[in-house]
Amino acid sequence: MHCETVDECLQLFGGWGYMWEYPIARAYADARVVKIAGGSIEIMKTIIARQMFAERGHSVPKNG
């Protein structure tokens, strides 16, 4: 929801929204970092889960 809101605000500012002098540019950059960090955490959870399955002798799920 945060990223969607910041994206809409950026659209309201138009090209000015990409200039670092405006707070929306910093908010947009911060929102993007949260998306990337969230994705990498999910990937690490998947890697850890697969390793745990393999160590216990269970078959490793192919997807998700």
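Start by selecting R26 in this predicted model. With a relative accessibility of 39%, R26 counts as partly exposed, because that value falls in between the 20% limit for buried and the 50% limit for exposed. You'll find R26 in helix α2. Now show what is around R26: leaving out residues up to four places away in sequence, R26 touches W20 and E21.

**Zoom out for a moment**

Colour the whole chain by secondary structure. How many helices and strands are there in the protein chain? You should count 2 helices and 0 strands. The helix you were just on, α2, covers residues 23–55, and its partner on this tour, α1, covers residues 2–13.

Switch on the surface next. The protein chain has 64 residues, and 11% of them count as buried. About 5,400 Å² is exposed, with carbon and sulfur atoms supplying 63% of that area. If you like contact maps, take the contacts with a separation of 6 or more: residues 24 or more positions apart account for 13% of them.

**Select the core**

Hide the surface and pick C3, V6, L10, I24 and A31. Together these 5 residues make up the largest nonpolar core. Which elements give two or more residues to this core? They are α1 and α2, and α1 gives the most, with 3 residues. As a bit of background, nonpolar side chains in soluble globular proteins tend to be buried together.

Stay on A31 and look at what is around it. Apart from neighbours within four places in sequence, A31 is in contact with H2, C3 and V6. Two of those names, C3 and V6, you have already met in the core.

**Hop to H2**

H2 is the other contact of A31, so click on that one next. H2 sits in helix α1. Is H2 buried or partly exposed? With a relative accessible area of 47%, H2 is partly exposed. Then draw a distance line from the C-alpha atom of H2 to that of A27: the two are 25 residues apart along the chain, and your line should read 9.8 Å.

**Look for the rings**

Now select F13, W16 and Y22, which form one aromatic cluster. The count of aromatic pairs comes to 3. In one of them, the ring centres of W16 and Y22 are 6.1 Å apart and the planes meet at 65°, so the pair is edge-to-face; the angle has to be over 60 degrees for that label. Turn the surface back on to compare how open the two residues are. W16 counts as exposed, at 52% relative accessibility, whereas Y22 is partly exposed, at 30%.

**Last stop: a patch on the surface**

Keep the surface on and move along α2 to I43, whose place is in that helix. Why does I43 count as exposed? Its relative accessible area is 52%, and exposed means over 50%. Add M44, I47, I48 and M52 to your selection: with I43, they form a nonpolar patch on the surface. The accessible area of these residues together is about 490 Å².

Terms used:
Residues are numbered from 1 along each chain as its sequence is written. This is a predicted model: local features need pLDDT of at least 70, side-chain atom pairs count only at pLDDT 80 or more; totals for chains, interfaces and linings use all residues. Side-chain values use heavy atoms; hydrogens and water are left out. Patches are made of residues with over 30% relative accessible area and no salt bridge: like charges are joined within 9 Å, nonpolar side chains (Val, Leu, Ile, Met, Phe, Trp, Tyr) within 5 Å. Accessible areas come from the Shrake-Rupley method with a 1.4 Å probe; for residues, only the protein chains shown count as cover. A salt bridge is a side-chain nitrogen of Lys or Arg within 4 Å of a carboxyl oxygen of Asp or Glu. Helices (H or I, at least four residues) and strands (E, at least two) are DSSP runs, numbered from the N terminus. Buried means under 20% relative accessible area, exposed over 50%, partly exposed in between (1.4 Å probe, protein chains only). A nonpolar core is a set of buried Ala, Val, Leu, Ile, Met, Phe, Trp, Tyr and Cys residues joined through side-chain atoms within 4.5 Å. Contact means heavy atoms within 4.5 Å. Rings of Phe, Tyr and Trp (its six-membered ring) pair if their centres lie within 6.5 Å; planes under 30 degrees apart count as stacked, over 60 as edge-to-face and the rest as tilted.
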